[in-house]
Amino acid sequence: MVEKAAESADREDMTMVIEGIEGLFKRLPVALYRSAPNGELLAANPALAALLGYESSEDLFEQFENVETVYIDPSKRELWLNQISESGEVHDFDVELRRRDGSSVWVQDTARAVYDDDGRLMYCEGALLDVTDKVKAKKARDEFVATVSHELRNPISVLLGLAQELASDYESFSDDERREISDVMARQADDASWIIEDLLVAYREDMSRVTVFSEEFDVIDEVQRVMESFDAEVGLQVESDSTRVIADPRRTRQILRNLVSNAIRYGGNEVFVRVRRDGGLVAVDVCDDGPALDADEAQRIFESYERGSGLLDAKSVGLGLSVARKLAGLMNGYLDYRHDGQYSSFIVTLPAAP
């Protein structure tokens, strides 16, 4: 009788332990899982269901097909399997997963393999941490570096070319020619310093730190100054005799440099700048004969770090257009995109001088 009572007590204790573990599994705010070698999901807690966009664990099991289907990049699944097969563990494995609604989430996976007595893999169990914000922050830093490189390439190239020409053949230039070269170098150095300032401010998304000094000037002068910094052929069409504006000439150059650079790199074969009057505004259209953007893309490309699908390569960033629109707004102007059936146009409008 005593032995039976002891066995009963042991069973009750074991039941309580198991129930406690199961309760902890359900209550933990960390996404936990257990999966079979073939990708079948064997166990999942509510935190995992929420992470993947499901209402509950039961909802997850009803809708979920296989672990492999949630990997955005299938090769990552193969890499994960290779690592856990070789060492029996995976630590801090960053991977992008597909959520129920089609969106994605970046997670950091730490898991271990569990084997039977004969050394056969029975299942893997692990925990997922949501690191989406961390991945986005790293991406933003990487794109910021790419942006700096992209924006500074033109003025630095001009500076380097002129300096080398002047150093290698100084005596062949007249005083007037040397003065002209020095003026161009000074302008390019000035432009580079302003690019750095704008990029740093834009990276912090703190436009209150951007200064604007408006004055009256002929926008044609700034268009030509921007065009001389590019080797590519860019046409100029002037459709009005009244092209003076009230704005900041340096900020205007920043906008136009972004637009012309993007048109050359990502637009069609024909690129030109058109200057015209638009009521009380002066409009500067940077045009190319490349493919049109759809309506959603036309708005999205003005957001920081956005790019038009299919138009920009993997090294490109969308920071320039975001900054350009903000700068235009600070000068009581605007930047927009249109396609007239033949040309894609990024249109800068600035207040016309009285």
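**Exercise 1.** In this predicted model, determine which residues of helix α7 are buried.

*Solution.* Step 1: The buried residues of α7 are Val219, Ile220, Glu222, Val223, Arg225, Val226 and Met227. Step 2: A residue counts as buried when its relative accessible area is under 20%. Step 3: Seven of the nine residues of α7 meet this criterion, so the helix is largely enclosed by the rest of the structure. Step 4: At the start of α7, the backbone nitrogen of Ile220 lies within 3.0 Å of a side-chain oxygen of Asp218.

**Exercise 2.** State in what order the five strands of the open sheet are arranged, and identify the edge strands.

*Solution.* Step 1: The order is β7-β9-β10-β12-β11, with mixed pairing. Step 2: β7 (235-238) and β11 (334-339) each pair on one side only, and they are the edge strands. Step 3: From one strand to the next, the twist averages 20 degrees.

**Exercise 3.** Describe how strands β10 and β12 are joined.

*Solution.* Step 1: Strands of a sheet pair through backbone hydrogen bonds, either parallel or antiparallel. Step 2: Strand β10 (residues 281-288) and strand β12 (residues 344-351) run antiparallel and are joined by eight bridges. Step 3: Asp285 stands opposite Ile347 in β12.

**Exercise 4.** Establish which strands helices α7 and α8 meet.

*Solution.* Step 1: Helix α7 (residues 219-227) lies across β7, β9 (271-278) and β10, and runs at about 175 degrees to β7. Step 2: Helix α8 (residues 249-266) packs on the sheet and touches β9, β10, β11 and β12. Step 3: The direction of α8 makes about 25 degrees with that of β10.

Conventions: Residues are numbered from 1 along each chain as its sequence is written. This is a predicted model: local features need pLDDT of at least 70, side-chain atom pairs count only at pLDDT 80 or more; totals for chains, interfaces and linings use all residues. Side-chain values use heavy atoms; hydrogens and water are left out. Two strands pair if DSSP finds at least two bridges between them. Helices (H or I, at least four residues) and strands (E, at least two) are DSSP runs, numbered from the N terminus. Axes are lines fitted to C-alpha atoms, for helices over the stretch in contact, and angles run from 0 to 180 degrees between N-to-C directions. Contact means heavy atoms within 4.5 Å. Buried means under 20% relative accessible area, exposed over 50%, partly exposed in between (1.4 Å probe, protein chains only). A polar contact is a pair of N or O atoms within 3.5 Å; within protein, one must be able to donate a hydrogen and the other to accept it, and residues adjacent in sequence count only if both atoms are side-chain atoms.
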